[in-house]
Amino acid sequence: QVQLVESGGGLVQAGGSLRLSCAASGRIFSINIMGWYRQAPGKQRELVAVAAGGGITNYADSVKGRFTISRDNAKNTVYLQMNSLKPEDTAVYFCTADARESQWVGVRRYWGQGTQVTVSS
């Protein structure tokens, strides 16, 4: 099994910044894509940002220019630097990793438990 543990959420005023971290551990043969999703109350879960192992990144339009995703492949860790936060960024943020536990199994998406980000106006 692959476990993902997020940290860094909290309460911040609009215009402020937060940095989320997510470390993967357990049986890891390889990790392809790591990313962040979020889910606000009453809304569907949505993609925030993803990063491939080679450095290619992709962002939701709503966070482009404000959020930055990065990875430390040696530590199997992904980060999300969030600047210029807005109240509409309030949500539970989930980390994901598309990983293989061994060379004999296919890629599976793993999810973290989520961390709350609250932006006050």
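This passage goes through the salt bridges of a predicted model. The count comes to five salt bridges.

Take the pair Arg66 and Asp89 to begin with. Their side chains form a salt bridge, with the closest N and O atoms 2.7 Å apart. Arg66 sits in the loop between β6 (57–59) and β7 (67–72), while Asp89 sits in the loop between β8 (77–82) and β9 (91–100), so this contact ties together parts that are 23 residues apart in sequence. Both partners are tucked away from the surface: Arg66 counts as buried at 10% relative accessibility, and Asp89 counts as buried at 1%.

Asp98 and Arg109 make another salt bridge, again with 2.7 Å between the closest N and O atoms. Here the contact links distant parts of the chain, with Asp98 in strand β9 and Arg109 in strand β10 (residues 108–111), eleven residues apart. The surroundings of the two ends are not alike. Asp98 is buried, with 10% relative accessibility, whereas Arg109 is partly exposed at 34%.

There is also a network to mention: salt bridges with shared partners join Arg38, Glu46, Arg66 and Asp89 into one group. The Arg66–Asp89 pair described above thus belongs to this network.

That leaves Lys64 and Asp61, whose side chains meet in a salt bridge with an N to O distance of 3.1 Å. Lys64 is partly exposed, its relative accessible area being 47%. Asp61, at 66% relative accessibility, counts as exposed, because the cut-off for exposed is over 50%.

Note on methods:
Residues numbered from 1 in each chain as written. Predicted model: local features only at pLDDT ≥ 70, side-chain atom pairs only at ≥ 80, totals over all residues. Heavy atoms only, no water. Salt bridge = Lys/Arg side-chain N within 4 Å of Asp/Glu carboxyl O. Buried < 20%, exposed > 50% of the residue type's maximum accessible area, 1.4 Å probe, protein only. Helix = DSSP H or I, 4+ residues; strand = E, 2+ residues; numbered from the N terminus.
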